[in-house]
Amino acid sequence: MIRVAIVDDHMVVRAGLKYVIMANPQLVFAGEHGGGEGVPEFITSCNADVTLMDVRMPDKSGIDALKEVIAADPKQRVVMLTTSDAEEDVFRAIDIGARGYVMKESPIETITAAINAAMAGEIFMSEEVRKIYETRKGAKSLSPRESEVLSAASKGLNNKEIGKLLGISENSVKMHLKRIFFKLDVSDRVEAVTLAMQRGIL
């Protein structure tokens with residue numbers, strides 16, 4: 001028997017997942033939690049073997065909650081169950097220590113397979129999610145400053161305005177943008193912003 005807990009801010013989603021768990025004789029519903037705050041304590045209190053957790057929650061993101069869970073106990077088995085297939089979300093979740101990443105619209109069999117895989121110490125990803133992860137894994141990461149420059153550029157600011165906002169010279173902004181274009185393999189800021197939004201960087 002595998003004790004499964006649910007962390008999601010949507011009551012309807014929790015109810016659906018609870019039904020899936022209780023309908024499977026090999027699974028036991030361990031408890032539910034309605035947000036990202038206090039997740040490590042919740043998992044410990046309900047003695048969960050595997051936790052299904054949403055990525056996008058209003059009080060604290062599932063990614064940040066996952067960090068806290070793994071920091072408190074690296075052996076915890078958390079499967080991210082979400083509607084978000086952004087490259088950055090997938091990459092960060094698996095990189096931090098999630099035992100799986102599954103889309104919420106996946107068949108019940110897929111969700112059950114992810115729970116069983118996590119319990120067995122494996123990392124579960126659908127073929128679609130695995131491709132997203134591999135793409136992001138092979139991509140060059142932006143530095144914190146480069147992310148700031150790109151974020152400012154996404155708001156329509158020119159180089160001089162970005163420099164003033166970030167307290168750096170206009171020339172430094174140009175150099176950061178060149179590195180950003182190289183890392184993202186794009187030719188201009190419009191492409192860079194579009195790709196960054198697709199990947200979940202912005």
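**Figure 1. Pairing of strand 5 with strand 6 in a predicted model.** Two strands pair if DSSP finds at least two bridges between them. Strand 5 and strand 6 pair in the parallel sense, and two bridges link them. G100 stands opposite F124 of strand 6. The structure shown in this and the following views is a predicted model.

**Figure 2. The open sheet and its edges.** Six strands form an open sheet in the order 2-1-3-4-5-6, and their pairing is parallel. Strand 2 (27-33) and strand 6 (124-125) stand at the edges, where each has a single partner strand, so one side of each is left without a neighbour in the sheet. Helix 1 (residues 11-22) packs on this sheet and touches strand 1 (2-7), strand 2, strand 3 (50-53) and strand 4 (78-82). The direction of helix 1 makes about 165° with that of strand 2. Helix 2 also packs on the sheet, where it touches strand 1, strand 2 and strand 3. The direction of helix 2 makes about 150° with that of strand 1.

**Figure 3. Strand 1 and its partners, strand 2 and strand 3.** Is strand 1 largely enclosed by the rest of the structure, or largely open? Buried means under 20% relative accessible area. Five of the six residues of strand 1 are buried, so this strand is largely enclosed by the rest of the structure. Strand 1 pairs with strand 2 in the parallel sense over six bridges, and V4 stands opposite F29 of strand 2. Strand 1 and strand 3 also run parallel, joined by four bridges. In strand 3, M53 stands opposite V7.

**Figure 4. Strand 3 and its link to strand 4.** Which residues of strand 3 point one way, and which point the other way? V50 and L52 point one way, T51 and M53 point the other way, and all are buried. Strand 3 and strand 4 run parallel and are joined by three bridges. The bridge partner of T51 in strand 4 is V78.

**Figure 5. The surroundings of K104.** K104 lies in the loop between strand 5 (100-103) and helix 5 (108-119). Is K104 buried or partly exposed? Buried means under 20% relative accessible area. K104 has a relative accessible area of 21%, and therefore counts as partly exposed. When its neighbours within four places in sequence are left aside, K104 is in contact with D8, V13, D54, L81, T82 and T83. The side chains of K104 and D8 are joined by a polar contact of 2.8 Å. A polar contact of 3.5 Å is made between the side chains of K104 and D54. Computed along the sequence is not the same as through space, and a pair of residues may be described in both ways. K104 and V50 are 54 residues apart in sequence, and their C-alpha atoms are 16 Å apart in space.

**Figure 6. The crossing of helix 2 and helix 3.** Two packed helices are described by the angle between their axes and by the distance between those axes. The axes of helix 2 (residues 39-46) and helix 3 (residues 62-72) come within 8 Å and cross at roughly 55°. Helix 2 is therefore oblique to helix 3. On the side of helix 2 the contact is made by V39, P40 and I43, and on the side of helix 3 by A65, E68, V69 and A72. By class, this contact of helix 2 with helix 3 has six nonpolar residues, no polar residues and one charged residue.

**Figure 7. Q76 in the loop between helix 3 and strand 4.** Q76 is found in the loop that joins helix 3 to strand 4. With a relative accessibility of 14%, Q76 counts as buried. Residues up to four places away in sequence not being counted, Q76 touches I43, A48, V69, I70 and R99.

**Figure 8. Helix 10, its cover and its two ends.** Which residues of helix 10 (residues 189-199) are buried? They are A192, V193, L195, A196 and R199. The cover over the buried residues of helix 10 includes helix 4 (87-96), helix 7 (144-154) and helix 9 (170-184). D188 caps the N-terminal end of helix 10, with a side-chain oxygen that lies 3.1 Å from the backbone nitrogen of V190. Just after helix 10, G200 takes a positive phi of about 85°.

**Figure 9. The protein as the setting of the close-up views.** The protein has 10 helices and six strands. Its C-alpha trace spans about 65 × 30 × 30 Å along the principal axes. Of the 202 residues in the protein, 47% are buried. Among contacts between residues at least 6 apart in sequence, 61% join residues at least 24 apart.

Note on methods:
Residues numbered from 1 in each chain as written. Predicted model: local features only at pLDDT ≥ 70, side-chain atom pairs only at ≥ 80, totals over all residues. Heavy atoms only, no water. Buried < 20%, exposed > 50% of the residue type's maximum accessible area, 1.4 Å probe, protein only. Contact = heavy atoms within 4.5 Å. Polar contact = N/O pair within 3.5 Å; in protein donor to acceptor, adjacent residues only side chain to side chain. Axes fitted to C-alpha atoms, helices over the stretch in contact; angles between N-to-C directions. Parallel < 35°, antiparallel > 145°, perpendicular 65-115°, else oblique. Nonpolar A, V, L, I, M, F, W, Y, C, P; charged D, E, K, R; others polar.
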